[in-house]
Amino acid sequence: MANLQSSFLGIKSPNPFWLASAPPTDKKINVLRAFEAGWGGVVWKTLGSQVKNVSSRYSTLDYNGQKVMGFNNIELISDRPLEINLKEIREVVREFPDRAMIVSLMADNDRKSWHEMVKKTEDTGAHGIELNFGCPHGMVERGMGASVGQDPEIAKMVVEWVMEVAKIPVITKLTPNVHSVVPAAQAVIAGGTNGLSLINTIQSVTGIDLDTLVPNPNVGGKSVFGGYCGPAVKPIALKFLTTLSQDKIAKQVPISGIGGISTWRDAVEFMLLGSSNVQVCTSAMHYGFRIVRDMCDGLSNWMDEKGYKTIDEFVGLSVQNVTRWEELDINYHIIANIDQDKCIHCGLCYIACEDTSHQSINIERGNPYNKYTIKEEECVGCNLCKIVCPVNDCITMEEHRKAPEYLNWIEFQKRGLPLNDH
Amino acid sequence: MGIKNNRLSTEELVANFSDIHPPFEHAEGAILEANRCINCYDAPCTKSCPTSIDVPLFIKQISSGNIKGSARTIFSSNIMGGGCSKVCPVEKLCEGACVYNLREEEPISIAKLQRYSTGIAIHEKWKLFERKPSNGKKVAVVGAGPAGLACAHALSLQGIDVTIFEKEEKGGGLMTYGVAAYKVTPQSCKEEVDYITSIGGIDIQYKKELGKDITLAELQKKYNAVFLGIGVGVARELSIPGEDLEGVEDAISFIYNLRTNDYSKISVGDKVAVIGMGMTAIDAATQSKRLGAKEVTMIYRRTENEKPCTDVELDLAKLDGCSFIWLAAPKEIIGENGKAKKLICTKMKLGEPDASGRRAPVDTGETFTMDVDMVIKAAGQIPFEELVAKSELKNNGGKISITKSAETNLKGVFAGGDAVNGGKEVVDAVQAGKDAAKGILTYLGIK
């Protein structure tokens, strides 16, 4: 049986699933419920200056009847009195000593404020601190959140202030609202951060009410850019994560992966690309804390199946499989094949290929069912037909190498080989 | 007890004859089902629809919240899309072709989704079509059934002034008079006819029967073209002794009476035998049961494999508590004081395939007798042979012969629907009406 124990910067938790700093971790009552449900740890919702929230606060991107593909919020950091938060954190740590308690902080932009916040946090017995340099709305206008994370110099300075007094591990949470997270990561590592976490939310407009013409969420007839998260952002998060895992400096510190993680599969993908644990929010906000049950169970089964005894054994294994385009093997060639026994004749492969790709599928009209076959000589192996096919393993991509040896683009150019004639 | 009416209370009758098609209670349900549809290309469902409704498109339009567009998609192919979504044997048409069947999964509920969009459109009286200004051409349509209405609507759309002559008091044809009331309620039939004619340019003259109140020659003279959508008429005789006994009725008039009178006034027996296994036989059997008949037995000369009705229809009869005798044909009805008392049947077996491709029933010589007090004949309908012949229309046993453009041997006289095909589905009649309208427009040099 796989061991799901996680140790992030020495902070232990029974599993690698933490709840991210967000509304679900704002109060003792929520966090207790989360721990009872089985979560390994929480990052308590950001503490900092006093704020006032508005109503409404959330909006979503729904797709073909599936709700919450993406989730957007304009909620600020915790709007509860600091003393109450600190008291509750202390109580929860005492009640659940085996779970990880990280506290997210966003102090005013001066050294003294940060020092005070760090000290007060440490007094609660919390195990770690996460610096919120990523919140893209509300706090930015006050020179906090993403406006810190977007400027490596400022980010480094704040980390330095924190590290002057911090006695517990410090994780810096990065914003994705930049063209690359690497400069900020390198800067905060230079400033002394012990670990990184990413991504925070992405600035967004999720949609507009077509009757009122006001974008969502509607606050008295107006809206603002919010922070976008949920399943839709996972691919973006994985990309940013990979850039850190591949960077010589950034990869020296552990990374906590965040961004659209809903299932154990998502979690495994983050860990394969280098995150030591993961943080979850949107999925819990959609279905409640009970989702952790399948996350643990699914992860454990997968690890058993693959023969991994601990999480460390597979963290980062896929990083090496993400290369630069010019290093891809040009001689690798695949061609689609349609299993006629499995085909249900929906024609989706045909119309997708015919209208939008390479006209590589034959159609033989029948009544009512057409027959579809691949024109092998035309197929470029793009995957589109396989992607749109509703039947698992009906369309498979079969290997037909152009030549046995590995050949990349640089070598291809050197040899002056002919380009595609499509 | 014998044949009598008023077997059930008003409440029971209302319950038994209410619409059996459950609607989607909420938009969410329709959208959920719409999103199951994978939007096939050159979709088998569309190809299996006699009117070629673009099913993936109208379903996608439900999913995107464009209900008006969805209804227009349906009605532009099938103006009786509302009624068809209730009476079509979809299990052998669109839903039967749904690719989900090939994955052993439930097909998309196409009919239910179609009811959703069309139901809203009819209820809200959405004006989805604008007729062109009148071009002065006049066409007479005989019969306000599915073929006639579809033809009239398509013609009016192009600016033709249409007059429909209908022998009954209401439009809808067999939808109104010949289908089980729990499939299409009288109310929904009326709403559908009103909705179709709301486009304008269609005048329905009721209680005008061809051959009685009007003649074809007269119509030919007064109108630029004529469409005959007169349907089929009389029930086929069994041609067995005892057919004229009291208690022997044909399914067509039984259902007609039921659709034109208060249910409490319709008489039904204790022990009813229904001869036949087509859709009309099912409608007669189930409605006998729903009127309060104690025992209803359906008798068919072949086996379940050859039955003309669909499995869904058969299940309906089973659920209503009807029983079935396969491989039996009526031989004689024995009476007592002029009333039907016993039905003698011959046991059959299957022989070689006949012209229909199905194995033909062969008389074994063995018989059995059953107690009955009512026999309903539902062995098919025969065309208006005499009427057709009198009008000098070329025909085949009463079925009017037409060209590819739906024209008869008489210049400017077109025909379609059951009058031509001898009796098919409503949806086939609608397509025939559309085809004829196309032929008429070409004939009149329009478009």
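A residue is called buried here if 20 or more other C-beta atoms lie within 10 Å of its own. Keep that in mind for the first view, and remember throughout that this is a predicted model.

**Figure 1. Helix α4 of chain B, tucked in among other helices.** Let's start with α4(B), which covers residues 55-63. Which of its residues are buried? They are Val55(B), Pro56(B), Phe58(B), Ile59(B), Gln61(B), Ile62(B) and Ser63(B). That makes seven of the nine residues of α4(B), so this helix is largely enclosed by the rest of the structure. The cover over those buried residues includes α2, α3, α5 (67-77), α7 (94-97) and α8 (110-124), which belong to chain B too. Just after the helix, look for Gly65(B): its phi is positive, near 85 degrees.

**Figure 2. Domain 1 of chain B meets domain 2 of chain B.** Chain B is split into domain 1 (19-124), domain 2 (138-233 + 382-443) and domain 3 (248-377). Notice that domain 2 is written as two stretches of the chain. The C-alpha centres of domains 1 and 2 of chain B are 26 Å apart. Their contact uses 16 residues from domain 1 and 20 residues from domain 2. Which helix gives the largest share of the domain 1 side? That's α6 of chain B (residues 81-87), with five residues. Sorted by class, the domain 1 side has ten nonpolar, four polar and two charged residues.

**Figure 3. Where chain B touches chain A.** Here 15 residues of chain B are in contact with 15 residues of chain A. On the chain B side, the elements that give two or more residues are α2 (27-34) and α3 (44-47). You've met both helices already, as part of the cover over the buried residues of α4(B). What kinds of residues does chain B bring to this contact? Nine are nonpolar, three are polar and three are charged.

**Figure 4. An open four-stranded sheet in chain A.** Read across the sheet and the strand order is β5-β6-β12-β11, with antiparallel pairing. Why do β5 (58-63) and β11 (202-204) of chain A each have one side without a neighbour in the sheet? Both stand at the edges with a single partner strand each, so one side of each is left free of a neighbour there. From one strand to the next, the twist averages 45 degrees. Zoom in on the middle of that order and you'll find β6 (residues 66-73) running antiparallel to β12 (residues 226-229), with three bridges joining them. One pair to look for is Asn72(A) and its bridge partner in β12(A), Tyr228(A).

**Figure 5. Stepping back to see chain A as a whole.** Chain A has 13 helices and 18 strands. Its radius of gyration is 24 Å, close to the 22 Å that the globule rule gives for 422 residues, so chain A is as compact as a globular protein of that length. Along its principal axes, the C-alpha trace of chain A spans about 75 × 55 × 45 Å. Two domains are assigned, domain 1 (6-321) and domain 2 (325-415), and their C-alpha centres lie 40 Å apart. How much of chain A is buried? The buried share is 44% of the 422 residues. As for contacts in chain A with a separation of 6 or more, 72% of them link residues 24 or more positions apart.

Notes:
Residues numbered from 1 in each chain as written. Chains lettered and ligands numbered in written order. Predicted model: local features only at pLDDT ≥ 70, side-chain atom pairs only at ≥ 80, totals over all residues. Rg over C-alpha atoms; globule rule 2.2 N^0.38 Å. Buried ≥ 20, exposed ≤ 12 C-beta atoms within 10 Å, placed from the backbone. Contact = placed C-beta atoms within 7 Å. Nonpolar A, V, L, I, M, F, W, Y, C, P; charged D, E, K, R; others polar. Domains from an automatic or database assignment. Pairing = 2+ DSSP bridges. Axes fitted to C-alpha atoms, helices over the stretch in contact; angles between N-to-C directions.
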